[in-house]
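Student: Please take me through the surroundings of the ligand in detail, and then through the aromatic contacts.

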Amino acid sequence: MSTDPFAAEALALDTADPLAAHRDAFVDAETPLVYFDGNSLGRPPRATAQRLSDFVTAEWGGRLIRGWDESWMELPFAIGDRLGAIALGAAAGQTVIGDSTTVLLYKLLRAALAERSTAEPARVEIVVGRDDFPTDRYLVEGIAAERGARVVWVEVDTSRGVDAERLRAAVGPRTAVVLLSHVSYRSGYLADAETLTRIAHEAGALVLWDLCHSAGSVPVELDAWDVDLAVGCTYKYLNGGPGAPAFAYVAARHQTTLAQPIQGWMGAADVFAMGPEYRPADGMRRFLSGTPPVLAMLAMQDTLDLIEDAGVAAIRAKSVALTEFALRVSDGILSPLGVSLASPRDPAERGGHLTLSHPTMRAVTARLWRQDVIPDYRDPDGLRIGLAPLSTSFTETLTGLVAVAEAVRAES
Ligand SMILES: *Cc1c(COP(=O)(O)O)cnc(C)c1O
């Protein structure tokens, strides 16, 4: 079919888009490159180059070790609170920027398991989705082996994720902690976090949410949903740059009872007392271990500025408009080629990305990367289309999907 009607629609949507100007805040937004991977490694805001350069010359170069006392020691908490307020629905004092997502998930899972199984020794089970992100599954296996716990796998349809019915069947009086993805990395399935949290609580378990694919793209209300614990990436929709450290949220009510396993000096009550034994600090500091990665947490602040300016509701509205438009285009030009949707059709059940399946997708992705159209490939045959609302336009989305159609035809 002709793509002309879609081109007119894309133009109209871009013209009416209240967030269109935010796209210009990103490096190279004016080039014809199509970026469908902002959910995996977000584009850098232009302001970030200046921020990093100023830091090297004025703060690191100018203040040297005095910088720790003057601001760097508090930076993980200051940025964490700002992130909490702007994108997580978290009141101050519950969010910190720390280690990688993997390490923070490990610490909080261990802490939650220890707390629950100490309170009630029968609680020795960790519940996790069979199709969760590899690091989440591997951590759970490792912790179960280390602590003599049992893994309860929730079987899921790979084009969806863990829903209320499946979670209800998996939890019970033996459950200590439930690890769930808010937005599935594969299908984009958006879990009903409030309902699933309630189900875990009714079973007497704590819940740890992985927010990697949701922070900065869908509304998150950790306090209102009564969430216990959460961890998420900052290099995806928060554009913190490759390897930017993750954030951890611990609800205030748990901060005095949870003890994390990597006891380092930065989590101690009096960091510079250098005392004979470890005593955990009050509040979020106790979840830190070693020296905070200050350089690596600078960049995300520029995207927090953009999110604050745009508002999460407007970001979600554009995200839904982008995935709905991509679906209409896919139904029009990709379905006739045998491409199928491996994501929820209902936008209320979908985050910011879509997965499209076809046997040629591995080769299609390699071909597209060579021509500056950059989606992601996920086994067995999924092309992942990440549509970061602040940096992606409707015209860019159409250009990319037309290129996907040409590539599928060429590889078929
Ligand atoms: C990207 C991602 C991670 C990555 O963890 P790292 O420690 O940053 O490598 C973990 N979980 C999910 C769901 C992800 O999407």
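Tutor: The answer below starts at the ligand and moves outward to the aromatic rings. The model is a predicted one.

The shell around the ligand consists of S100, T101, T102, F133, T135, D136, D210, C212, H213, C233, Y235 and K236. Sorted by class, these are four nonpolar, five polar and three charged residues. Two helices, α6 (101-119) and α7 (134-147), each contribute at least two residues to this shell.

Three polar contacts can be described atom by atom. T102 places a polar side-chain atom 2.5 Å from an oxygen atom of the ligand. With T101 the contact runs through the backbone: an N or O atom there lies 3.5 Å from a ligand oxygen atom. D210 approaches a nitrogen atom of the ligand, with a polar side-chain atom 2.9 Å away. As for cover, the ligand taken alone exposes 380 Å², and the protein buries 86% of that area.

Two shell residues also meet each other. K236 lies over the face of F133, 5.4 Å from the ring centre. Both K236 and F133 belong to the residues that surround the ligand.

F133 leads on to the aromatic pairs, of which the structure holds six. One of them joins F133 to Y185 in an edge-to-face arrangement, with 5.1 Å between the centres and 85° between the planes. This pair connects distant parts of the chain, the two residues being 52 apart. F133 sits in the loop between β3 (125-129) and α7, and Y185 in the loop between β5 (175-181) and α9 (193-202). F133 has a relative accessible area of 30% and is therefore partly exposed, since buried requires under 20%. Y185 falls under that limit at 9%, so Y185 counts as buried.

Another edge-to-face pair is formed by F325 and F394, with centres 6.0 Å apart and planes at 70°. Here too distant parts of the chain are linked: F325 belongs to helix α11 (residues 312-334) and F394 to helix α13 (residues 394-411), with the two positions 69 residues apart in numbering. F325 counts as buried because its relative accessibility is 0%, and F394 is buried as well, at 2%. Together with F6, the rings of F325 and F394 form one aromatic cluster.

To return to the ligand, F133 ties the two topics together: F133 is part of the shell, has K236 over its ring face, and pairs edge-to-face with Y185.

How values were computed. Residues are numbered from 1 along each chain as its sequence is written. This is a predicted model: local features need pLDDT of at least 70, side-chain atom pairs count only at pLDDT 80 or more; totals for chains, interfaces and linings use all residues. Side-chain values use heavy atoms; hydrogens and water are left out. A residue is near a molecule or strand if one of its heavy atoms lies within 4 Å of it. A polar contact is a pair of N or O atoms within 3.5 Å; within protein, one must be able to donate a hydrogen and the other to accept it, and residues adjacent in sequence count only if both atoms are side-chain atoms. Accessible areas come from the Shrake-Rupley method with a 1.4 Å probe; for residues, only the protein chains shown count as cover. Helices (H or I, at least four residues) and strands (E, at least two) are DSSP runs, numbered from the N terminus. Ala, Val, Leu, Ile, Met, Phe, Trp, Tyr, Cys and Pro count as nonpolar, Asp, Glu, Lys and Arg as charged, and the others, Gly among them, as polar. Rings of Phe, Tyr and Trp (its six-membered ring) pair if their centres lie within 6.5 Å; planes under 30 degrees apart count as stacked, over 60 as edge-to-face and the rest as tilted. Buried means under 20% relative accessible area, exposed over 50%, partly exposed in between (1.4 Å probe, protein chains only). A charge sits over a ring if NZ of Lys or CZ of Arg is within 6 Å of the ring centre and within 35 degrees of the ring normal.
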